[in-house]
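Student: I would like a close look at a single part of this model. Please take one buried charged residue and set it in its surroundings.

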Amino acid sequence: MSRVDDLPRRTRPQTGTLPPPRALPPSLAGNPTLPYPAIAQELSALRLQIPGVHGCVLGGVDGLLVTHNLQNGADPDDLAALAATTYGLGRQVGLRLGQGDFQQSTVRNAGGYLSVYAINGQALLAVVGTDSINVARLHLHAPATAAKLAELLDGVSPTTS
């Protein structure tokens, strides 16, 4: 029988410090100045370019839904929150490893994929796909879609709550 004192311990103290937490930018959720038709066109184009994509979610880094085109019955508010969680984890990995800002993360499950792409400091693109989706093709097209979305969101005036 093992005693608590026999458990392995970290022998080397952690070095370095993390930067202070950064304040979240103003939320894009519910912003009436967003170019929703142009955003919808970009999300639809990505969904149609890649067979197996169930839909896309545009969410804020705050976890709030901006818009979506999901076709599989998944809750878009939940996916926006999951995208922000994925972003937060990826951001911390980048900080701790000194690898820079979050760009993309993909989660594979038994029945499909969720890929999250950084659009800018405010927004994330989440793409939901089947298990048969061509992930390499998705990773080829989604960053270009994220760049187009960044252009559409550039200069959008923040809403005041």
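Tutor: Take Glu42, which sits in helix 1, residues 36-49. The model is predicted. Glu42 is buried, yet Glu42 has no salt bridge. The nearest side chain of opposite charge belongs to Lys148, 4.1 Å away. A salt bridge here needs a Lys or Arg side-chain nitrogen within 4 Å of a carboxyl oxygen of Asp or Glu, so a pair at 4.1 Å does not count.

Now the contacts of Glu42. Leaving out residues up to four places away in sequence, Glu42 touches Thr145, Lys148, Leu149 and Leu152. Lys148 is thus both a contact of Glu42 and the nearest oppositely charged side chain.

Compare a pair that does meet the rule. The count for the model comes to one salt bridge. Its partners are the side chains of Asp131 and Arg108, at 3.3 Å from N to O. The pair links distant parts of the chain, 23 residues apart. Asp131 lies in the loop between strand 5 (123-130) and helix 3 (135-153). Arg108 belongs to strand 3, residues 104-109. Glu42 is buried, but these two partners are not: Asp131 is partly exposed, at 32% relative accessible area, and Arg108 counts as exposed, at 56%.

Step back to the whole fold. The protein has three helices and five strands. From the N terminus on, their order is α-β-β-α-β-β-β-α. Of the 161 residues, 34% count as buried. Among contacts with a separation of 6 or more, 55% join residues 24 or more positions apart.

One more site completes the picture: the largest pocket. About 180 Å³ of space lies in this pocket. Its lining consists of Arg22, Tyr87, Arg91, Leu95, Gly100, Asp101, Phe102, Ala118, Asn120 and Gly121. Glu42 is not on that list. Helix 2, residues 76-97, gives the most to the lining, with three residues. By class, the lining holds four nonpolar, three polar and three charged residues.

Back to Glu42, then. Glu42 is a buried acid in helix 1, with Lys148 as the nearest side chain of opposite charge, 4.1 Å away. The salt bridge of the model is found elsewhere, between Asp131 and Arg108.

Technical notes:
Residues are numbered from 1 along each chain as its sequence is written. This is a predicted model: local features need pLDDT of at least 70, side-chain atom pairs count only at pLDDT 80 or more; totals for chains, interfaces and linings use all residues. Side-chain values use heavy atoms; hydrogens and water are left out. On a 1 Å grid over the protein atoms alone, a cavity is a set of points where a 1.4 Å probe fits but cannot get out, and a pocket is an open set with protein on both sides within 12 Å along at least five of seven lines; lining residues have an atom within 4 Å of a point. Grid points are joined across faces, edges and corners, and a volume is the space filled by probe spheres set on the points. Helices (H or I, at least four residues) and strands (E, at least two) are DSSP runs, numbered from the N terminus. Ala, Val, Leu, Ile, Met, Phe, Trp, Tyr, Cys and Pro count as nonpolar, Asp, Glu, Lys and Arg as charged, and the others, Gly among them, as polar. Buried means under 20% relative accessible area, exposed over 50%, partly exposed in between (1.4 Å probe, protein chains only). Lys and Arg count as positive and Asp and Glu as negative; His and the chain ends are not counted. Contact means heavy atoms within 4.5 Å.
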